[in-house]
Amino acid sequence: MPAYRPPHIPSTDITPRDIYLSRRNFLGTAAGFAALGLAGQDAMAAPLSAAPGAYKLDEKLTPLDAVTSYNNFYEFGTGKTDPKENAGDFKPTPWTVKVDGLVGKPQEFNIEDLLKYQLEERTYRMRCVEGWSMAIPWIGFPLSALLDKVEPLGSAKFVSFETVVRPEEMPGQRGLFQPLDWPYVEGLRLDEARHPLTILAVGLYGETLPNQNGAPIRLVVPWKYGFKGIKSIVRISLVEKQPETTWKNSNAREYGFFSNVNPNVDHPRWSQAHEQRIGEGGVFSTQNRPTLMFNGYEEVASLYTGMDLKANY
Ligand SMILES: Nc1nc2c(c(=O)[nH]1)N[C@H]1C(S)=C(S)[C@@H](COP(=O)(O)O)O[C@H]1N2
Ligand SMILES: [Mo]
């Protein structure tokens with residue numbers, strides 16, 4: 001990943017939070033799930049209703065326009081605005097997620113069925129390893145709910161995830177120069193995957209996920225660097241050994257398997273002590289804030305008891 005470059009989002013382009021809130025109240029009255037039929041029209045986001053979840057940040061939300069126009073999704077190009085510009089032809093429906101491997105009941109789930117899960121809205125911090133961050137209102141459900149359905153075997157120790165490969169719809173997967181090996185793959189230890197903070201997100205800001213944010217379903221692990229949050233997932237496998245992960249395969253010295261947000265462990269090419277909250281001030285502004293251990297989610301610390309967090313970054 002290239003080093004952090006300041007965002008090109010003038011604050012005047014940004015939708016203020018009060019507009020979002022009034023818009024959401026309006027959408028909340030619409031027939032949430034019924035409206036999902038609209039998602040068949042490729043890039044269109046549809047209203048999605050969700051119960052307020054237990055996780056709410058006492059921080060200003062990153063404006064919707066920033067969340068959907070400043071992205072990392074290399075399947076659509078490596079520039080921050082490429083995903084929004086190039087994801088218009090991507091078709092997030094129909095969609096199935098295959099869950100297999102070391103499980104008692106391997107299954108394929110239709111996205112429509114996953115959208116019938118108990119959906120919650122949760123506001124989480126998102127910290128990219130490049131040094132920028134956001135606060136995003138996701139809609140989703142705990143990954144553990146899906147894992148319970150397939151009944152993992154005792155031999156399952158890790159969970160691996162895979163993104164769709166569709167060069168015909170994803171311009172970043174076409175051509176001679178490929179920045180990464182496809183499919184994009186990620187993984188978690190089973191206890192990390194089962195942690196209540198770990199969710200599969202199907203929406204944000206009261207609507208189904210925009211293509212550039214990983215439609216129709218992506219992983220969100222808020223205490224880890226953003227690249228662990230794999231997008232547009234088609235397969236989830238329970239496995240015995242630590243799975244391959246895209247950024248570690250690309251550069252193992254710079255990107256580890258665990259990749260917990262840690263202000264005390266610098267990236268080989270830059271400090272991780274501070275972060276730029278997108279949509280707030282400039283790189284040198286006072287809003288360039290300190291990065292928190294585990295991104296502020298200290299309750300996960302017990303998952304790593306006895307582990308050297310400097311060696312296992
Ligand atoms: N398939 C896939 N998933 C991906 C990426 C990617 O390039 N391809 N980028 C990752 C990185 S580096 C980050 S920071 C987050 C960005 O999520 P956002 O664009 O929704 O903020 O997605 C992650 N998931
Ligand atoms: Mo990232």
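**Exercises on a predicted model**

Setting aside neighbours within four places in sequence, Ala-51 is in contact (heavy atoms within 4.5 Å) with Gln-118, Leu-119, Glu-120 and Glu-121. Residues are numbered from 1 along each chain as its sequence is written, while chains are lettered from A and ligands numbered from 1 in written order. The model is predicted, so local features need pLDDT of at least 70, side-chain atom pairs count only at pLDDT 80 or more, and totals for chains, interfaces and linings use all residues; side-chain values use heavy atoms, with hydrogens and water left out.

**Exercise 1.** Place Ala-51 in the fold and say how exposed it is.

*Solution.* Start with the element: Ala-51 belongs to strand E1, residues 51–52 (a DSSP run of E, at least two residues; helices are runs of H or I, at least four; both are numbered from the N terminus). Next, check the exposure: Ala-51 has 31% relative accessibility, so it counts as partly exposed (between buried, under 20%, and exposed, over 50%; 1.4 Å probe, protein chains only). Lastly, look along the chain: Gly-140 is 89 residues from Ala-51, and their C-alpha atoms are 10.0 Å apart.

**Exercise 2.** Do the same for Thr-68, and list its contacts.

*Solution.* Find the element first: Thr-68 is part of helix H2, which runs over residues 64–69. Then take its relative accessible area, which is 9%, so Thr-68 is buried. Now skip the neighbours within four places in sequence: Thr-68 touches Lys-84, Leu-204, Pro-210, Gln-212 and Asn-213.

**Exercise 3.** Work out what surrounds ligand 1.

*Solution.* Begin with the residues: there are 17 around ligand 1 (a heavy atom within 4 Å), and Asn-71, Tyr-74, Glu-75, Gly-229 and Lys-231 come nearest. Then pick out polar side-chain atoms:

- Glu-75 has one 2.8 Å from a nitrogen atom of ligand 1.
- Thr-163 has one 3.0 Å from a nitrogen atom of ligand 1.
- Asn-213 has a side-chain N or O atom 3.0 Å from an oxygen atom of ligand 1.

How much of ligand 1 does the protein cover? On its own, ligand 1 has 540 Å² of accessible area (Shrake-Rupley method, 1.4 Å probe; for residues, only the protein chains shown count as cover), and the protein covers 99% of this.

**Exercise 4.** Sum up the whole chain.

*Solution.* Count the elements: the protein chain has seven helices and 13 strands. Move on to burial: 55% of its 313 residues are buried. Finish with the contacts at a separation of 6 or more: 73% of them join residues 24 or more positions apart.

Notes: A polar contact is a pair of N or O atoms within 3.5 Å; within protein, one must be able to donate a hydrogen and the other to accept it, and residues adjacent in sequence count only if both atoms are side-chain atoms.
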